[in-house]
Amino acid sequence: MSLDFDADTPVVGMVHLSPLPGAPGYDDGNRPAIRDAALRDASRLEAGGVDALLVENFGDAPFYADDVPKHVVASMAALVRDITRETEVPVGVNVLRNDAEAAVSIAAAADADFVRVNVHTGARLTDQGVVGGQAAETVRLRDRLDAAEVSMLADIDVKHSAALAERPLSEGVAELLERGHADGVIASGAGTGHATDHDHLQAVVDARDRLDADAPVFVGSGVTQETVGATLDLADGAIVGTALKQNGETTAPVDGDRVRALVDAAR
């Protein structure tokens, strides 16, 4: 993999941002609190031993389908830059629902290391309507920004979505890696915090292996302290959010004890 993780099977901890200015849940005038919460969670995750961080505008629901307003890009760029300055692990960006061009732009400007793209190739039915991949635009933008070091991790059958037509999983994985030029694949469950089916995960890994592709497969949802060991027996890494929060609640602050326990179980 092109990402410089210290661990063979890295654990990526989620920094779920509070509602940003312009979002329905934004606390008017309280920008410093958003920054403080993001840096608090990033610090707890790093201290607990995660190998990377993934910053996401999780609090901005309802999400724009594929083109967030400029003020969202500006807010996220400032926050991601603060996090990259305050931490020493790789940092990634995910702009929900599927603004991959914004994510790459933020990563390039804020010195981040990777992005997560929910729909990179093909199309999915979501609560934002039909969301289509924009691999052609995203990959070319990365080149134009001279940001080749920003890796792209792309979801296959992303959570909170449904297929428009049934297709072999192997074809979807091949299109992500060969035609979409993704640097890695993410397999997830039905929604945030939902376990990823191990048969599905194994099928994604097998499809990657048949391509002889040098691309990691990450699990993108539902990993817990109890399941992380078995998950990483199959996958190359795990992206973890809910299980690392106080009382296992997705919107709660990160719990340092939960982080350390899960990381220990992963090792």
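This report describes the internal spaces of a predicted model and one buried acidic residue within it.

Because the model is predicted, local features need pLDDT of at least 70 and side-chain atom pairs count only at pLDDT 80 or more, while totals for chains, interfaces and linings use all residues. Residues are numbered from 1 along each chain as its sequence is written, and side-chain values use heavy atoms, with hydrogens and water left out.

**Pockets**

A pocket here is an open set of points on a 1 Å grid over the protein atoms alone, with protein on both sides within 12 Å along at least five of seven lines, and its lining residues have an atom within 4 Å of a point. A volume is the space filled by probe spheres set on the points, which are joined across faces, edges and corners.

| Pocket | Volume | Lining residues nearest the centre |
|---|---|---|
| Largest | about 490 Å³ | K159, T192, G193, G241 and T242 |
| Second largest | about 420 Å³ | A123, R124, I156, D157 and R167 |

The largest pocket is lined by 33 residues, and the elements that give two or more of them are β1 (11-16), β11 (237-240) and α8 (256-266). Helices (H or I, at least four residues) and strands (E, at least two) are DSSP runs, numbered from the N terminus. The largest share of this lining, three residues, comes from α8. By class, the lining of the largest pocket holds twelve nonpolar, 14 polar and seven charged residues, where Ala, Val, Leu, Ile, Met, Phe, Trp, Tyr, Cys and Pro count as nonpolar, Asp, Glu, Lys and Arg as charged, and the others, Gly among them, as polar.

For the second largest pocket, the lining has 22 residues, with β5 (123-126), β7 (151-156) and α5 (169-179) as the elements that give two or more. Five residues, the largest share, come from α5, and the lining divides into ten nonpolar, five polar and seven charged residues.

**The buried residue D99**

D99 sits in the loop between β3 (91-94) and α3 (100-110). D99 is buried (under 20% relative accessible area, with a 1.4 Å probe and protein chains only), yet has no salt bridge, that is, no side-chain nitrogen of Lys or Arg within 4 Å of a carboxyl oxygen of Asp or Glu. The nearest side chain of opposite charge, K70, is 9.6 Å away from D99. A polar atom of the D99 side chain does lie 2.9 Å from the backbone nitrogen of V68, and the backbone nitrogen of A102 is 3.0 Å from a polar atom of that side chain.

Notes
On a 1 Å grid over the protein atoms alone, a cavity is a set of points where a 1.4 Å probe fits but cannot get out, and a pocket is an open set with protein on both sides within 12 Å along at least five of seven lines; lining residues have an atom within 4 Å of a point. Buried means under 20% relative accessible area, exposed over 50%, partly exposed in between (1.4 Å probe, protein chains only). Lys and Arg count as positive and Asp and Glu as negative; His and the chain ends are not counted. A polar contact is a pair of N or O atoms within 3.5 Å; within protein, one must be able to donate a hydrogen and the other to accept it, and residues adjacent in sequence count only if both atoms are side-chain atoms.
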